[in-house]
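I open this notebook to record what I looked up, entry by entry. The structure comes first, and my notes follow.

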Amino acid sequence: MVGSFRAELVKLTKRPAVWLLLGIALALGALFAYVIPYLGATTGTAGPTADRGLAAVLPASIVGNTLAGYPVFLGALLVVLGVLFVGGEYGWGAWKTVLTQGPSRGAVLAGKLSVLTLAALGFVLAIFLMGTVASLLIAAAEDASMTFPSAFDILRGIGAGWLIATMWTMFGAVLGILLRGVALAVGLGLVWMLVVQNLISELAAPLLPWVDSAQRGLPGPGAGSLVSSLGAPVGTPGVEAVLSGGPATVVVAAYLVGFVALGAVVLRRRDIL
Amino acid sequence: MEPVVCEKLTKRYGEVVAVQDLDLVVRAGEVYGFLGPNGAGKTTTLRMLLGLVRPTGGKVLLHGRPPGDLSGVGAMIEGPAFYPYLSGRDNLRVLASYAGVEARRIDVVLDLVDLAARSRHKYATYSLGMKQRLGVAAALLKDPTLLILDEPTNGLDPAGMADMRALIRRLGAAGSTVLISSHLLAEVSQICDRVGIIARGQLIEENSVAELRGAAGLRIQATPVEHAASWLRLVLGTAAVTVVDGGLDVTVDPARAGEINESLVKAGVSVSELRPRERDLEQVFLELTGGESNGR
């Protein structure tokens, strides 16, 4: 198990695609959470989010503002990370190479998912750091308050971000296992994240009451409700308050556990071809 | 304890039977060749040995233990598969971590397969031959007492093939048990002590290479050939003599060559050549497997 963890860590940190995903997440996060809202607040005209004003991009709002990306766009990047990290083993036919060295499938998967969990934390911390730097720069430029939320709020925000980020990477990982590869898993994962979730919440839920109740049990609305309860601005794609913070945490955590269990069962049972 | 024992090993994929009731024993210290046409079930059998594929029926024991415990077992199945973004050395580093092997083994195995000079280059830049050698290096990481190699010379150029065979013979001579699969007769006859031939998922012959080849009789060039043939049919029986390419293939103990020669000369036949005839391995193989490839 320790050996598998070490091996997976080398595979993750030396893989250029992982750093590319992180770079894209940071660049897009900075652009959509800070640069565009800042420019909108200072120079823009009235738009759907113009009323948030400068306050949304100052250090005091860092928790909600950095968490707002996790239900959809940062989530999508994390799904891609999960798929790449697990599905790649099928794509390269590397399962047989790894497993003939002797570790059990359970040990390899445990190592893999532990490293993914760690990667999700790194991802969340990097986004938070980006938010810190961006909000401080804006506060300095506008001569505004540089007060951050309390340490408890910050830690709670990072914890929630980590939980959601890990859940999405596990979603990607289980797709990689179920579909035994990368291409279809990434494609279907993104269709779910970017299309189906939106169709359910924007189109189906307002029309049909039972869809509205059912969607409360889905991972996207769970993540959206969790970040919303911590201050993410409603109106950001995927951020919605269909559940309060506690139940939303339970939903996200339940999916995390469910994805891990499903992945473990399927990987154990199937032949490695 | 025999390194490899299969009893009634069977694998079905739905209606398709990949391996059926396969009994196989590989003895300690031997180089065993697992020979068969494409699609005969070789790789599926090896995957079952290593626990990658679950048998539908039957039993597998490696060193007396059921699949799952691969300590002391090294393997390369159906071509090398590594991480293209890592160097050869980093790929081995990753695998050594999985195997719980000390990092200094990496240099040892890189030297064994003559890949040390290129070990810091990305795997993606390797030639097919280098990839294959890295695959063997990975299989040797654990310093295994049982080495399972699936078509180890696939994709290698003639020099690479010769190197690979020499390496396998060296490993065999050093006391390792080696199980290699191949569809190349010449290869197996050069490297292996014993050969099992598999076709349509069943083991149809198991023997030493020498026994398989067998000294099957005499090859005789004589004139007039028809007269020689009818004389020998009279002496040895009709079934023992066939006319092939203007000469005679005779099924008889080669030790009787002198006696046969004398008898032919006495019968007025002029004998220009008389030598022991070994069975052509390819012929044996085609006869045994029905001359078909199951590769489809």
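**Entry: helix 1 of chain A.** I looked up what the buried residues of helix 1 of chain A pack against. Within chain A the partners are helix 2 (16–43), helix 4, helix 5 (94–99) and helix 6 (105–142), and from chain B there is helix 2 (88–99). I note that this is a predicted model. The buried residues themselves are A:Gly3, A:Ser4, A:Ala7, A:Glu8, A:Val10, A:Lys11 and A:Leu12. Helix 1 covers residues 2–13, which is 12 residues. From first C-alpha to last I found a reach of 17 Å, close to the expected 16 Å at 1.5 Å a residue.

**Entry: chain A as a whole.** I then asked what secondary structure chain A has. I found 11 helices and 0 strands. Read from the N terminus on, the elements run α-α-α-α-α-α-α-α-α-α-α. The radius of gyration of chain A is 19 Å, close to the 19 Å from the globule rule for 273 residues, so chain A is as compact as a globular protein of that length. Along the principal axes, its C-alpha atoms fill a box of roughly 60 × 45 × 30 Å.

I also looked up burial and contacts. Of the 273 residues in chain A, 52% are buried. Among contacts in chain A with a separation of 6 or more, 78% come from residues 24 or more positions apart. The exposed area of chain A is about 11400 Å², and carbon and sulfur atoms supply 73% of it.

**Entry: helix 8 of chain A.** Helix 8 of chain A takes in residues 183–207, 25 residues in total. Its first and last C-alpha atoms are 33 Å apart, close to the 36 Å expected at 1.5 Å a residue. Where is the kink in this helix centred? I found it at A:Trp192, with an angle of about 40°.

I listed the buried residues of helix 8 next: A:Ala185, A:Val186, A:Gly189, A:Met193, A:Gln197, A:Ile200, A:Ser201 and A:Ala205. An α-helix has 3.6 residues a turn, so residues three or four places apart point the same way. The buried residues of helix 8 pack against four helices of chain A, namely helix 4 (73–91), helix 7 (151–179), helix 9 (209–214) and helix 10 (219–229). Helix 4 of chain A had already come up in my first entry, as a partner of helix 1.

**Entry: one residue, A:Ser201.** I picked A:Ser201, which lies in helix 8 of chain A. Is A:Ser201 buried or exposed? Its relative accessibility is 14%, and because the cut-off for buried is under 20%, A:Ser201 counts as buried. Apart from neighbours within four places in sequence, A:Ser201 is in contact with A:Pro206, A:Gln215 and A:Glu240.

**Entry: chain B.** I turned to the other chain that had appeared beside helix 1 of chain A. Chain B has 10 helices and 13 strands. Its domain assignment gives domain 1 (4–212) and domain 2 (215–278). Taken over C-alpha atoms, the centres of these two domains of chain B are 44 Å apart. The C-alpha atoms of chain B fill a box of roughly 75 × 45 × 35 Å along the principal axes.

I looked up the corresponding totals for chain B. Buried residues are 50% of its 296 residues. Residues 24 or more positions apart make 69% of the contacts in chain B with a separation of 6 or more. Chain B exposes about 13000 Å², of which carbon and sulfur atoms supply 50%.

How values were computed
Residues numbered from 1 in each chain as written. Chains lettered and ligands numbered in written order. Predicted model: local features only at pLDDT ≥ 70, side-chain atom pairs only at ≥ 80, totals over all residues. Heavy atoms only, no water. Helix = DSSP H or I, 4+ residues; strand = E, 2+ residues; numbered from the N terminus. Expected span 1.5 Å × (residues − 1). Bend = angle between axes of the 7 residues up to and from the residue. Buried < 20%, exposed > 50% of the residue type's maximum accessible area, 1.4 Å probe, protein only. Contact = heavy atoms within 4.5 Å. Rg over C-alpha atoms; globule rule 2.2 N^0.38 Å. Areas by Shrake-Rupley, 256 points an atom, 1.4 Å probe, with all protein chains shown as cover. Domains from an automatic or database assignment.
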